[in-house]
Amino acid sequence: MPSEPRSRLARGLRRGWRSLIQRQELVVAVLLFLFGILLSMSTSTFFTATNLMNIALSFSWYVIAAFGALMVIIVGGIDLSVGAVMALAGMIGAMALDVGLPLPLALVCGLGSGALVGLINGLLVGRTGLPPFMVTLGTMGITRGVVLSLTSGTPVMNLSPGFRYLGQ
């Protein structure tokens, strides 16, 4: 009789271990850890404060976009236009600065343009019943086209130091 609880425990541990190693998050974490070890062994500057800060700053906009996508996914939707809307909002804010608006008002213009596109997406999905995948795919194309036509494919230069500080 004492062997039955032990075998049940062993089966439970095997099942738990199997489900743990099948998780994508664990695989990504292990690969990231191994990659960090490899880089730290191959170079003496990988784990310096300057390099880690540069890495964090380089990927900060990915985190911002991922947070927006996370909010949509939590409620069971999908939004393919997050990156394009982020580019549009940044471009509108930069162009508002370029025409002479103060920084707080330019930020409101950028945030407002992103909120307007989000409202349009929400109304199209919520009121008309269109699939979120199709709506946001279309919105992504439209917002990319608007940004491209507003800038003619050239970067907006000479931004105010305050705007650059916020972006960095």
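Contact here means heavy atoms within 4.5 Å. The model on screen is predicted.

**Whole chain**

Start with the protein chain selected and coloured by secondary structure. There are 8 helices and 0 strands, and from the N terminus the elements run α-α-α-α-α-α-α-α. The chain is more spread out than a compact globule, because its radius of gyration is 23 Å, well over the 15 Å that the globule rule gives for 168 residues. Turn the C-alpha trace along its principal axes, where the span is about 80 × 55 × 25 Å.

**Surface and contacts**

Switch to a surface display. The accessible surface of the protein chain comes to about 12,300 Å², and carbon and sulfur atoms account for 72% of that surface. Of the 168 residues, 17% count as buried. For a contact map, take pairs of residues at least 6 apart in sequence: 58% of these contacts join residues at least 24 apart.

**Helices H3 and H4**

Next select residues 49-58, which form helix H3, and residues 60-74, which form helix H4. Their axes lie 4 Å apart, and the two helices pack at an angle of about 40°. H3 and H4 are therefore oblique to each other.

Which residues in H3 meet H4? Show the side chains of Ala-56, Leu-57 and Ser-58 in H3. On the H4 side, add Ser-60, Trp-61 and Tyr-62, which those H3 residues meet. Colour this selection by residue class: the contact of H3 with H4 divides into 4 nonpolar residues, 2 polar and no charged.

Notes: Residues numbered from 1 in each chain as written. Predicted model: local features only at pLDDT ≥ 70, side-chain atom pairs only at ≥ 80, totals over all residues. Heavy atoms only, no water. Axes fitted to C-alpha atoms, helices over the stretch in contact; angles between N-to-C directions. Parallel < 35°, antiparallel > 145°, perpendicular 65-115°, else oblique. Nonpolar A, V, L, I, M, F, W, Y, C, P; charged D, E, K, R; others polar. Rg over C-alpha atoms; globule rule 2.2 N^0.38 Å. Buried < 20%, exposed > 50% of the residue type's maximum accessible area, 1.4 Å probe, protein only. Areas by Shrake-Rupley, 256 points an atom, 1.4 Å probe, with all protein chains shown as cover.
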